[in-house]
Amino acid sequence: MAKNTAYWLMKTEPDTFSIDDLARRKTEPWDGVRNYQARNHMRSMKVGDLVLFYHSNAKPPGVVGLAKISGPARPDPSSWNPKSPYFDAKSSPETPRWDLVEVEFVEKFPRIVALEELRAAPELEGMVVIQRSRLSVQPVTPTHFAHVVRMAKAAGHSTNSPPS
DNA sequence: GCCAACGTTGGC
DNA sequence: GCCAACGTTGGC
């Protein structure tokens, strides 16, 4: 893994676009982000950066897999398409306001790492998703990233771990 | 379905 | 530039 890889968490509602949708499509232009902080995070992404793929408004909400950035930030055409649900009258091809990045499927975890588990893990203290749940594109520290991946590949918490 | 948190808008 | 009103997000 390249030394300068950065790590992120991106949220999506599975009813709209899930990890399975991404697995089918292989790669997806991540359009519709309409929050400046999230947009600015996308602008600082580099191709090859790794992403924790998070399902919000899901039962349970949590990290369900990995993706990577396969295309850098560029203007989001849905922002000036009046037929798009993400249309913004203040954005145009000449003066684009919103960006997207290309997101590529890496893997679906064998299990969901639920938000509840993220909260309960002392190693993940301070992770953005735990304290600022509304930000849809967030930076993740390398340490936190590695820990979430480790959790995904270990047995789950009490509800589905084997009897002791 | 509720509602707290929080981002955005717009009047002043 | 402040801040109240409003809209949205997202966990529960």
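Modeller: Let's start with how residues are sorted: Ala, Val, Leu, Ile, Met, Phe, Trp, Tyr, Cys and Pro count as nonpolar, Asp, Glu, Lys and Arg as charged, and the others, Gly among them, as polar. By that rule, the residues of the surface near DNA strand B divide into 1 nonpolar, 1 polar and 2 charged. This is a predicted model, in which local features need pLDDT of at least 70 and side-chain atom pairs pLDDT 80 or more, while totals for chains, interfaces and linings use all residues. Residues are numbered from 1 along each chain as its sequence is written, chains are lettered from A and ligands numbered from 1 in the order in which they are written, and side-chain values use heavy atoms, with hydrogens and water left out.

Colleague: Which residues surround DNA strand B, and what makes a residue "near" a strand?

Modeller: A residue is near if one of its heavy atoms lies within 4 Å of the strand. Around DNA strand B we find N35, Y36, R132 and R134. Of the strand's atoms that come within 4 Å of the protein, 57% belong to sugar and phosphate.

Colleague: What makes the pair between R134 and DNA strand B a polar contact?

Modeller: A polar contact is a pair of N or O atoms within 3.5 Å; within protein, one must be able to donate a hydrogen and the other to accept it, and residues adjacent in sequence count only if both atoms are side-chain atoms. Here a polar side-chain atom of R134 lies 2.4 Å from a base oxygen of DNA strand B, so the pair is inside the 3.5 Å limit.

Colleague: How many residues surround DNA strand C, and which are the closest?

Modeller: There are 9, and the closest are K11, Y54, N57, R119 and R134. Sugar and phosphate make up 77% of the DNA strand C atoms that come within 4 Å of the protein. The nearby surface residues divide into 3 nonpolar, 3 polar and 3 charged. A polar side-chain atom of K11 lies 2.5 Å from a phosphate oxygen of this strand, and one of R119 lies 3.0 Å from a phosphate oxygen. R134 instead has a polar side-chain atom 2.9 Å from a base oxygen of DNA strand C.

Colleague: Is R134 buried or exposed, and how do you know?

Modeller: Buried means under 20% relative accessible area, exposed over 50%, and partly exposed in between (1.4 Å probe, protein chains only). R134 has a relative accessible area of 80%, so it is exposed. You will find R134 in the loop between α4 (128–131) and β6; helices (H or I, at least four residues) and strands (E, at least two) are DSSP runs, numbered from the N terminus.

Colleague: And S56: buried or exposed?

Modeller: S56 has a relative accessible area of 17%, so it is buried. S56 lies in the loop between β3 (50–55) and β4 (62–75). Leaving aside its neighbours within four places in sequence, S56 is in contact (heavy atoms within 4.5 Å) with T12, E13 and P14.

Colleague: Why do we call β1 largely enclosed?

Modeller: 6 of the 6 residues of β1 are buried, so this strand is largely enclosed by the rest of the structure. On one side are Y7, L9 and K11, and on the other W8, M10 and T12. In a regular strand the side chains alternate between the two faces of the sheet. β3 is mostly covered as well, with 6 of its 6 residues buried: L50, L52 and Y54 point one way, and V51, F53 and H55 the other.

Colleague: What makes β1 and β3 paired strands?

Modeller: Two strands pair if DSSP finds at least two bridges between them. β1 (residues 7–12) and β3 have 6 bridges and run parallel, so they pass. W8 stands opposite V51, and Y7 opposite L50. On the antiparallel side, β1 pairs with β6 (residues 137–140) over 4 bridges, where M10 stands opposite V137. β3 also joins β4 by 6 bridges, running antiparallel, with L66 in β4 as the bridge partner of L52.

Colleague: Which residues touch the most other members of the largest nonpolar core?

Modeller: They are L9, L52, V63, L118, M127 and F145, in a core of 21 residues. A nonpolar core is a set of buried Ala, Val, Leu, Ile, Met, Phe, Trp, Tyr and Cys residues joined through side-chain atoms within 4.5 Å. α5 gives the most to this core, with 5 residues.
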